[in-house]
Amino acid sequence: MKHETSQALFSRATALIPGGVNSPVRAFKSVGGEPFFVERADGAFLYDVDGNRYIDYVGSWGPMIVGHNHPRVREAVADAIGNGLSYGAPCAAEVTMAETITRLVPSCEMVRMVNSGTEATLSAIRLARGATGRQRIVKFEGCYHGHGDSFLVKAGSGMLTLGVPTSPGVPAGLSELTSTISYNDFDGATQLFEQIGPEIAAVIIEPVVGNANCLPPREGYLRHLRELCTRHGALLIFDEVMTGFRVALGGAQARYGVTPDLTTFGKIIGGGMPVGAYGGRRDLMQQIAPAGPIYQAGTLSGNPVAMAAGLAMLELVQEPGFHDRLEATANTLCDGFEEAARAAGVPLTTNRVGAMFGLFFTDAKVDTYAGATACDIGAFNRLFHAMLERGVFLAPSAYEAGFISSAHDDAVVEATLEAARGAFRAVAD
Ligand code: PLP
């Protein structure tokens with residue numbers, strides 16, 4: 001594969017953009033090497049500026065669940081653009097979006113649109129603090145909720161990838177208000193609530209962790225958190241920025257049958273445009289300005305073009321059997337990865353939850369942060385490059401979930417597994 005044009009662009013980029021990228025994990029820092037620059041994307045494929053084609057399991061980090069450049073999404077955006085790009089006054093698409101989200105995720109009785117997942121989680125904890133009159137929030141080691149100050153404590157995603165799970169620049173006074181416990185540890189949560197229950201405004205969790213590889217909740221764990229929060233007067237926030245409309249049509253809360261007080265969204269609801277949202281119980285959401293006193297606003301929030309893209313995508317994911325088909329694809333893919341690894345003598349286990357999956361270089365089943373970080377990261381990095389050379393783009397970090405789209409058909413999966421058979425042999429050498 002040739003990479004001259006990407007290399008030249010990366011060299012220009014590093015002179016002007018920190019690390020050459022506008023979001024850290026894109027830089028390939030933990031896997032080594034340099035990123036390719038994308039010219040266009042279509043279906044399950046990315047095409048780079050040097051004419052290389054990659055089967056894509058990153059999916060723009062989650063939004064592209066119907067594949068890239070889906071004609072229905074593209075046409076909806078083209079139609080919206082014909083009417084102008086931004087109004088700064090309400091439009092009908094915002095109402096349709098609110099109706100769609102509240103119908104698909106019934107715990108959201110009301111919803112507010114924002115422009116990113118980060119804004120959604122920031123706004124949700126402000127609401128939790130304002131509504132409870134408490135200051136402390138509880139998060140889980142390895143979970144990532146965007147780059148708001150309160151969340152950059154033992155965070156996952158790029159922070160875990162770069163080995164800086166707690167960021168400089170966050171005032172100690174603020175990070176002290178974030179307590180961090182271990183995901184899937186029942187007793188750890190119980191003990192924390194026994195110690196400081198009356199101080200806790202909210203527990204925020206990725207119900208399926210997708211920012212420390214892919215970690216499903218243990219049976220009853222989310223219910224345990226629900227009960228603790230209810231008993232101690234704290235709010236339960238599900239950060240469904242990644243899992244929303246992906247692990248099931250109604251998100252992780254539908255899949256596991258646990259109802260949070262507030263939910264945050266992003267990625268899929270924007271259809272590839274910069275969108276986030278938070279929603280939840282009516283009595284809580286009514287406290288947001290201008291209905292109530294807790295302030296939150298946005299110049300471009302509810303943008304008509306972004307709403308059109310998101311609504312088109314949400315239409316597509318409602319097609320009967322959509323999530324079952326993606327789950328079947330994830331199973332075929334992960335079974336195939338395991339088989340390829342076994343044939344090459346490489347220890348590998350996988351997790352799959354709906355249209356998300358994770359690869360773990362270990363013999364053990366992994367469902368904790370400690371388990372994920374104990375895997376052979378060097379082996380993952382070798383696999384990453386061996387797959388890339390064979391035209392398959394996995395997330396450039398051992399700590400990111402992989403994403404399936406409806407464009408990943410049988411032929412794409414078989415081509416991926418053909419690459420995997422060679423790549424695992426290369427990892428073993
Ligand atoms: N929450 C979760 C679970 C995420 O995975 C992410 C981003 O990956 C965010 C929040 C932040 O979203 P954004 O990058 O749109 O700010």
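**Reading the ligand shell and helix packing**

Modeller: By class, the shell around the ligand holds four nonpolar, eleven polar and two charged residues. Ala, Val, Leu, Ile, Met, Phe, Trp, Tyr, Cys and Pro count as nonpolar, Asp, Glu, Lys and Arg as charged, and the others, Gly among them, as polar. This is a predicted model, in which local features need pLDDT of at least 70 and side-chain atom pairs count only at pLDDT 80 or more, while totals for chains, interfaces and linings use all residues. Residues are numbered from 1 along each chain as its sequence is written.

Colleague: Thanks! Which residues come nearest to the ligand?

Modeller: A residue is near a molecule or strand if its C-beta atom, placed from the backbone, lies within 6 Å of it. Here 17 residues surround the ligand, and Ser116, Gly117, Thr118, Gly146 and Val241 come nearest.

Colleague: Which helix gives the largest share of the shell?

Modeller: Helices (H or I, at least four residues) and strands (E, at least two) are DSSP runs, numbered from the N terminus. The largest share, three residues, comes from helix H4 (residues 117-132).

Colleague: Now the packing. At what angle do the axes of H2 and H11 cross?

Modeller: Axes are lines fitted to C-alpha atoms, for helices over the stretch in contact, and angles run from 0 to 180 degrees between N-to-C directions. The axes of H2 (residues 71-81) and H11 (residues 304-317) come within 8 Å and cross at roughly 155°. Angles under 35 degrees count as roughly parallel, over 145 as roughly antiparallel, 65 to 115 as roughly perpendicular and the rest as oblique. H2 and H11 are therefore roughly antiparallel to each other.

Colleague: And which residues make the contact of H2 with H11?

Modeller: Two residues are in contact if their C-beta atoms, placed from the backbone, lie within 7 Å. H2 contributes residues including Val73, Ala76 and Val77, and H11 residues including Ala308, Leu311 and Ala312. By class, this contact has 13 nonpolar, no polar and two charged residues.

Colleague: Are H7 and H8 roughly parallel or antiparallel?

Modeller: H7 (residues 186-196) and H8 (residues 221-232) pack at about 5°, with axes 10 Å apart, and are therefore roughly parallel to each other. Among the contact residues are Phe186 and Phe193 of H7 and Leu225 and Leu228 of H8. Six nonpolar, three polar and no charged residues make up this contact.

Colleague: Last one: in what order do E11, E12 and E14 form their sheet?

Modeller: Two strands pair if DSSP finds at least two bridges between them. The open sheet runs E11-E12-E14, with antiparallel pairing.
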